Amino acid sequence: MGAKLRRDGGDRPKREEVNDTVDNIKLLKFLRPYRTRLGAGIVSTLVHSLITVYFFKAFKDFLDTMIGSIAAEEQALHRLSVLSLSLVGIFVLKGVSYYGQRYLTTYVAQRTMKDIREALYRHLQSLSMGYFDKNKVGQIMSRVVNDVSILEGAIVSGAVNVFYNFVTLVVGIGYLLILNPKLTALMLAVFPAIVMVFRVFSGRIRGMSRRVQESIADISDVLHEGLVGIRVVKSFVREDYEFQRFRRQNEINFAAHRKNAQLTATLSPMVELLASLGFTVVLWYGGYEVIRENMTPGELIAFFTLALMIVNPLKALSNLSHTIQNALAAGDRISGLLSVPPNITEAANPVELPHDTPGGIEFTEVSFGYDPDELVLRDVNLSIPPGALVALVGPSGAGKSTLVDLIPRFYEATAGKIAIDGHDIKQLSLASLREAIAVVPQETILFAGTIRDNILYGDLNASDEQVMAAAKAANAHEFISRLEKGYDTPIGEKGAGLSGGQRQRISIARAILKDPRILILDEATSALDSESEALVQDALERLMHNRTTLVIAHRLSTIVKADRIVVLNKGQVVEAGTHGELLAKKGFYHNLYQVQFRG
């Protein structure tokens, strides 16, 4: 992910600055589809800036001309009319160019941010489960929502205004050089000092901006955890504890914002002070030249008035430094996320697994570790024939869940080979591999929407009749029909408003609609009451029929019915066989059965 962030908010090594610059340049590719509109917006900005400076010159020239010809009343009236019409024309052109500048740049910014958000979400979907194990949801959400919003604001109000004020400043200084080169040179003598102040403060503001954005991500993470786990929070009476966690992160965010504000508030007056020194020298030397009659008072007033006019762009640039540095910090974080390589990739020419594949699975010398130096599975050899019901048992931490997670390539095996019907899963397209597999986890995951939407997740093209048939097979149709809106009943996040058994049956209906060849069950009835368990178990029987099924078993009923029981301990297969065969051996399974299952 991008360059490592320093917590002290100070300047980072030059190599990291270069890396961040390269990362931010990569984001410019999102502007390419809109380069025509962006170009038109830049032209509009340029025209608006030039007119701003030209207006001063035009007004001065016209006024001087009018005063010079005031002797002839009729001619003066004509020139006054021309002056008025010219000024109206200038304001019309200025208004049109301003509209083009604001509309076109805002359009480009909004479309670009939309594309970046979509690219971020698409990229996140391509990352392996390992990435989400190591990174908190709140942190990830902050990058997609907060950082992109900061970048968006900077493009609209930052980059455009920087360009506008920079052009105005350059054109204004150019006109000052024409008016009086000596005074202009004196005024510009303070510019190196101003540039140095910008450079020093920009680095510090950028580092502090990172801290601000990191603290916002931490707040999002604490908030997400506290709200998702609100039931646990309330049951343990930990509202005050969670509030204090949130308060601490909020305090850190405040401290970072305060420091950022101090730096920003210091930059602007320092720039103004240096600029005022330059103007004071100009005013003194200009007055000296007027006294010596080397310069007229009118020339000095004209020069000084225009010099004061270009102070506004200079001041605006110092104020915008904060916005730009925030955007650069946000760009670093966005680029860092986009540069995370997917650990799970497809082969150059992937093979499509047929939908009607039998579903046999073969593990050959398979090893895996979340940390490469600490293996969770070691040299697993396991053959599962098509249509078999296989129960995976073993103590906590034995590697049961990890083993089944390798089949759909949620994680990549460190060593060895996994094959489905003779096809190495690394050579299969991810879509066809995962289409052949359905997972029914112990903790049911439902999405905000209607019950119909959640069942349709198994097959987005299914008809209403197919949805209803799947619900009936899952023993869910009856309770759904009793609801006021039936299948169109909205449900909250994770199925809020439904009982555990009802959520589990909707999850099973979803899997039935998918019609997979391979089924993975993390014992779906372990947390249910006896009535719900009977309904869910009956639904599972239908779901498992004629499919290759792997069950992480917590109940004796599942184990007894299994065609084969695979016993894992410390990441290795220690025994395998039927329930009766394993009991007769009086080995590890026999002891596990006595302690864990018999009661």
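Which helix does G138 lie in? This predicted model puts G138 in helix α5, which covers residues 137-179. The close-ups below start there and then move through helices, sheets and ring pairs.

**Close-up 1. G138 of α5 and its partner far along the chain, H224.**
G138 sits in α5 and is fully tucked away: its relative accessible area is 0%, so it counts as buried. Look for H224 in this view as well. G138 and H224 are 86 residues apart along the chain, yet their C-alpha atoms are separated by 6.0 Å.

**Close-up 2. Helices α6 and α9 crossing.**
Two packed helices are described by the angle between their axes and the distance between the axes. Here α6 takes in residues 181-188 and α9 residues 239-291. Their axes come within 8 Å and cross at roughly 150°. Angles over 145 degrees count as roughly antiparallel, and α6 and α9 are therefore roughly antiparallel to each other. As for handedness, α6 passes α9 in a right-handed crossing.

**Close-up 3. Helix α9 from end to end.**
How far apart are the end C-alpha atoms of α9? They are 76 Å apart, which agrees with the 78 Å that its 53 residues should span at 1.5 Å a residue. Past the helix comes E293, with a positive phi near 65°.

**Close-up 4. Helix α17, mostly covered.**
This helix runs over residues 500-514, 15 residues in total. From first C-alpha to last, α17 reaches 21 Å, close to the 21 Å expected at 1.5 Å a residue. Is α17 mostly covered or mostly open? Mostly covered: 12 of its 15 residues are buried. Among the buried ones are G501, Q502, R505, I508, R510 and L513.

**Close-up 5. D515, just after α17.**
Most residues other than glycine have a negative phi, and most peptide bonds are trans. D515 goes the other way: its phi is positive, about 55°, although it is not a glycine. You'll find D515 in the loop between α17 and β9. With a relative accessible area of 36%, D515 is partly exposed.

**Close-up 6. R409, another non-glycine with a positive phi.**
For R409 the phi is about 60°. R409 has its place in the loop between α12 and β4. Is R409 buried or exposed? Its relative accessibility is 1%, so R409 counts as buried.

**Close-up 7. The open sheet of six strands.**
Strands of a sheet pair through backbone hydrogen bonds, either parallel or antiparallel. Reading across, the order is β6-β9-β10-β3-β11-β12, and the pairing is mixed. At the edges are β6 (437-440) and β12 (572-577), each pairing on one side only. From one strand to the next, the twist averages 20°. Zoom in on β6 and β9 (residues 518-522): the two run parallel, and four bridges join them. A438 stands opposite L519 of β9.

**Close-up 8. The open sheet of four strands.**
The order this time is β2-β1-β4-β5, with antiparallel pairing. β2 and β5 (423-424) are the edge strands, so to speak the outer rails, and each pairs on one side only. Five bridges hold the antiparallel pair of β1 and β2. Which residue of β2 is the bridge partner of F363? That partner is L382.

**Close-up 9. Aromatic pairs, with Y370 and Y411 in view.**
How many aromatic pairs does the structure hold? The count is eight. In the pair formed by Y370 and Y411, the ring centres are 5.2 Å apart and the planes stand at 90°, so the pair is edge-to-face. It links distant parts of the chain, with the two positions 41 residues apart. Y370 belongs to the loop between β1 (361-368) and β2 (377-384), while Y411 belongs to the loop between α12 (400-406) and β4 (415-420). Y370, at 40% relative accessibility, counts as partly exposed, whereas Y411, at 9%, counts as buried.

**Close-up 10. A cluster of tyrosine rings.**
Y99, Y103 and Y107 come together here, linked into a cluster by ring pairs.

Technical notes
Residues are numbered from 1 along each chain as its sequence is written. This is a predicted model: local features need pLDDT of at least 70, side-chain atom pairs count only at pLDDT 80 or more; totals for chains, interfaces and linings use all residues. Side-chain values use heavy atoms; hydrogens and water are left out. The expected span of a helix is 1.5 Å times one less than its number of residues. Buried means under 20% relative accessible area, exposed over 50%, partly exposed in between (1.4 Å probe, protein chains only). Two strands pair if DSSP finds at least two bridges between them. Axes are lines fitted to C-alpha atoms, for helices over the stretch in contact, and angles run from 0 to 180 degrees between N-to-C directions. Rings of Phe, Tyr and Trp (its six-membered ring) pair if their centres lie within 6.5 Å; planes under 30 degrees apart count as stacked, over 60 as edge-to-face and the rest as tilted. Angles under 35 degrees count as roughly parallel, over 145 as roughly antiparallel, 65 to 115 as roughly perpendicular and the rest as oblique. A crossing is left-handed if the near helix is turned anticlockwise from the far one by less than a right angle, and right-handed if clockwise.
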